[in-house]
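Grab a pencil and work through a few exercises on the structure below. Try each one before reading its solution.

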Amino acid sequence: MCAWCEGKKNVYTRIADLESHVKKVNREVTISKDQFTRANGFYFAKYPEDYAKVVENINPYDAKAAYEARKAMRSWSDTFSDKQAMGDQ
Ligand SMILES: [Zn+2]
């Protein structure tokens, strides 16, 4: 999911699609080049548990890219007034 479209849930099935979306739409975002790897996609996943089942070698929790992804996702989820709604769709 895109962590930079505030108040929107833009879902991409492939990490490459998310990457090209961010580069096109969220141009203000500075992203390190290891941000949109399959290993790091886990931290953008709508269903991280399912993601972990299909992708081996998830980026370690303390990796820099993982940290940045979690931070982006956190501030993104803060843009929703009803946080409970996040798991609904
Ligand atoms: Zn976006």
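Here come three exercises, each with a worked solution.

The model is predicted, with pLDDT of at least 70 needed for local features and 80 or more for side-chain atom pairs, while totals for chains, interfaces and linings use all residues. Residues are numbered from 1 along each chain as its sequence is written.

**Exercise 1.** Work out how many helices and strands the chain has.

Solution. Take helices as DSSP runs of H or I with at least four residues, and strands as E runs of at least two, numbered from the N terminus. That gives four helices and zero strands. Reading from the N terminus, you get α-α-α-α.

**Exercise 2.** Find which residues make up the largest nonpolar core, and which helix gives the most to this core.

Solution. First, call a residue buried if 20 or more other C-beta atoms (placed from the backbone) lie within 10 Å of its own, exposed at 12 or fewer, and partly exposed in between. By that count, 18% of the 89 residues are buried. Next, join buried Ala, Val, Leu, Ile, Met, Phe, Trp, Tyr and Cys through C-beta atoms within 7 Å. The largest such core has twelve residues: Cys-2, Ala-3, Trp-4, Leu-18, Val-22, Phe-36, Phe-42, Tyr-43, Phe-44, Ala-69, Ala-72 and Trp-76. Helix 1 (15-25) and helix 4 are the elements giving two or more residues, and helix 4 gives the most, with three.

**Exercise 3.** Is Asn-57 buried or exposed?

Solution. Start with its place: Asn-57 sits in the loop between helix 3 (48-54) and helix 4 (64-77). Now count: Asn-57 has 9 C-beta neighbours inside 10 Å, so it's exposed. Finally, check the backbone: Asn-57 isn't a glycine, yet its phi is positive, about 55°. Most residues other than glycine have a negative phi.
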